[in-house]
Amino acid sequence: MDLANLNAFIAIAETGSFSEAAERLHLTQPAVSKRIAGLEQQLKVRLFDRLGREVSLTESGRALLPRAYQILNVLDDTRRALTNLTGEVSGRLTLATSHHIGLHRLPPLLRAFTRAHPQVALDIQFLDSEVAYEEILHGRAELAVITLAPETHTPVLARAVWDDPLDFVAAPEHPLARNGSVSLADIASHPAVFPGDHTFTHHIVRGLFEAAGLTPNIAMSTNYLETIKMMVSIGLAWSVLPRTMLDDQVVRLPVSGIQLTRQLGYILHSERTLSNAAKAFMQLLDEQRFAIA
């Protein structure tokens, strides 16, 4: 089976578009169409239904997709295993990370890594933590440094590196900031800006309110913590932010009896052979974890 054709198939399946797949693969759209035609001819099945601009997998396409991932992952795994025999820390390391961690936690580690291993080409993808989880699951990234899910299931393995305390925050002039100690019920009655409802942080915070029988008044949502901080600082709403982001633009709301935290760390696929570069970066992350401990 031609690997170029298989890569084209996966790109279309993931993007739902021949033109977007062509952009991802740096090819023309006719070239991508030719690859799919070749694959369909080889397999003697139709892989996509094309209704106008709508592209969807046929039943045969849906059956092929997980096997296509498996084929490419086995080949990548084999290449890494053979390359690792040299003992060199070189090649490409595909690393996924969230915007917040990439800005606030990773810079000193990336600096140390690139100085120690100049032969490694870093491919850093800035993604929501939940999207990065999928990149690991499907073998498109070797490591992801993210906000960890409350529960991680095989074949994904998670290792915590940083405890990340979270604080309720508001603008200095917000009514909640003038009341001294406040309760969850007080906070729930005011408009909030939350991380997107599919994010791990959203579920952590919302679960706290639900456990108290309360429903927060979520007026707005965004996945970018810097945007949330801006909205809070101009008085539009209260929110929850990592303690490391607090400054004079926002104030912490003391909530009696509440200690909120999340864990930041890295995830990897348990059935994947890691490159020497990935192992070296994991060692840096583990050293950071043990230094904090």
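A pocket, as the word is used here, is an open set of grid points with protein on both sides within 12 Å along at least five of seven lines. In this predicted model, the second largest pocket comes to about 270 Å³ of space. Its lining is made up of 13 residues, and Tyr69, Gln70, Asn73, His269 and Glu271 sit nearest the centre. Helix H4 puts in the largest share of that lining, with seven residues. Sorted by class, the lining of the second largest pocket splits into four nonpolar, five polar and four charged residues.

The largest pocket holds about 920 Å³ of space. Here 33 residues form the lining, and those closest to the centre are Asp76, Thr94, Gly139, Arg140 and Arg272. Several elements chip in two or more residues apiece: helices H1 (3-15), H2 (18-25), H4 (59-84) and H11 (276-292), along with strands E3 (91-97) and E4 (120-126). H4 again turns up as the main contributor, giving nine residues, the largest share of the lining of the largest pocket. As for chemistry, this lining counts twelve charged and twelve polar residues, plus nine nonpolar ones.

Besides the pockets, there is one cavity of 30 Å³ or more in the structure. The volume of this largest cavity is about 240 Å³. It is lined by 17 residues, with Ser98, Ser129, Asn223, Leu225 and Arg262 closest to its centre. The elements that supply two or more residues to the cavity lining are helices H5 (99-104), H7 (129-137), H9 (200-211) and H10 (225-233). Eight of the lining residues are polar, five are nonpolar and four are charged.

Now for a look at helix packing. Two packed helices are described by the angle between their axes and the distance between the axes. H1, one of the helices that help line the largest pocket, packs against helix H3 (residues 29-43) at an angle of about 110 degrees, and the two axes are 9 Å apart. Angles of 65 to 115 degrees count as roughly perpendicular, so H1 runs roughly perpendicular to H3. On the H1 side, the contact involves Ala4, Asn5, Leu6, Ala8, Phe9 and Ile12, which meet Val32, Arg35, Ile36, Gly38 and Leu39 of H3. By class, the contact of H1 with H3 is made by eight nonpolar residues, two polar ones and one charged residue.

Methods: Residues are numbered from 1 along each chain as its sequence is written. This is a predicted model: local features need pLDDT of at least 70, side-chain atom pairs count only at pLDDT 80 or more; totals for chains, interfaces and linings use all residues. Side-chain values use heavy atoms; hydrogens and water are left out. On a 1 Å grid over the protein atoms alone, a cavity is a set of points where a 1.4 Å probe fits but cannot get out, and a pocket is an open set with protein on both sides within 12 Å along at least five of seven lines; lining residues have an atom within 4 Å of a point. Grid points are joined across faces, edges and corners, and a volume is the space filled by probe spheres set on the points. Helices (H or I, at least four residues) and strands (E, at least two) are DSSP runs, numbered from the N terminus. Ala, Val, Leu, Ile, Met, Phe, Trp, Tyr, Cys and Pro count as nonpolar, Asp, Glu, Lys and Arg as charged, and the others, Gly among them, as polar. Axes are lines fitted to C-alpha atoms, for helices over the stretch in contact, and angles run from 0 to 180 degrees between N-to-C directions. Angles under 35 degrees count as roughly parallel, over 145 as roughly antiparallel, 65 to 115 as roughly perpendicular and the rest as oblique. Contact means heavy atoms within 4.5 Å.
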